[in-house]
Amino acid sequence: MKKIVRILLLFVVVITAIAFSKKKQKVLIVGDSISIGYTPFVKESLKEVAEVVHNPGNAKHTGNGLKHIEDWIGDEQWDIIHFNWGLWDLCYRHPDSKVQGQRDKANGTITFSIEDYERNLRAIVKKIKQKSNAKLIFVTTSYVPTEEAGRYVEDAIKYNKVARKVMQENGVEINDIYKVSKKIHQEYGKGNDDVHYTPKGYEELGKPIAKFLEKELK
């Protein structure tokens, strides 16, 4: 009888150990259309070790992030929150522009100045830390091609510099994808007037994202 009890206890211990060993970690990706594009490939790449979820819709600019970040986090116990803003913030728009998104860097108004971008990022990081104990990873803004209608190439570099400063001061890990995104865009971008990528481009961009997350999940 005692032997049977010991066997049953051992069985329970083994089953419990297996259950815990297979428990997947949870990753929340927050970001714009670029992140929406690469998330399916990241999700597929990490499917054995993590449940990867993107925030509903497009996170747009930091103003939108301030409004919704707490709702996006919700009550879920995230292990990692991988987030970015930038492309929308540095975009110039004009109400009379006929270009998609009313983009117009010649006559338009910038969505958020670099000073407002910095201020908003600080406020967002504070909100995330108050809401979650997850490890935070900020993703730098991806490449802006030269003929983009509403964005300047150099602004992506300037905004990334400010973002790095904010994240370093707040102890947030940085996943710097700018250089690799430029290389990928030159081969798999939708054009020299478009910040977006072809499906192959998003797949390629998802590789360094997944590799970085896999390292952090370990």
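The salt bridges of a predicted model are described here, together with the solvent accessibility of selected partners.

Side chains of opposite charge can pair when their charged atoms come close. In the predicted model, 16 salt bridges were found. One of them joins Lys26 to Glu76, with the closest N and O atoms 2.7 Å apart. Lys26 belongs to strand S1 (residues 25–30), whereas Glu76 sits in the loop between helix H3 (62–73) and strand S3 (80–83), so the pair ties together parts that are 50 residues apart in sequence. Both partners are reached by the probe to some degree: Lys26 is partly exposed, at 24% relative accessibility, and Glu76 is also partly exposed, at 34%.

A further salt bridge is formed by Lys47 and Glu44, whose closest N and O atoms are 2.8 Å apart. Lys47 has a relative accessible area of 38% and is therefore classed as partly exposed. For Glu44 the corresponding value is 47%, which again gives a partly exposed residue, as the exposed class begins over 50%.

The pair Glu216 and Lys215 brings together residues of two accessibility classes. Their side chains meet in a salt bridge with an N to O distance of 4.0 Å. Glu216 counts as buried because its relative accessible area of 18% falls under the 20% limit. Lys215, at 52% relative accessibility, counts as exposed, this value being over the 50% limit.

Salt bridges also occur in a linked arrangement. Glu118, Arg122, Lys165 and Glu169 are connected to one another in a network of such contacts.

Key: Residues numbered from 1 in each chain as written. Predicted model: local features only at pLDDT ≥ 70, side-chain atom pairs only at ≥ 80, totals over all residues. Heavy atoms only, no water. Helix = DSSP H or I, 4+ residues; strand = E, 2+ residues; numbered from the N terminus. Buried < 20%, exposed > 50% of the residue type's maximum accessible area, 1.4 Å probe, protein only.
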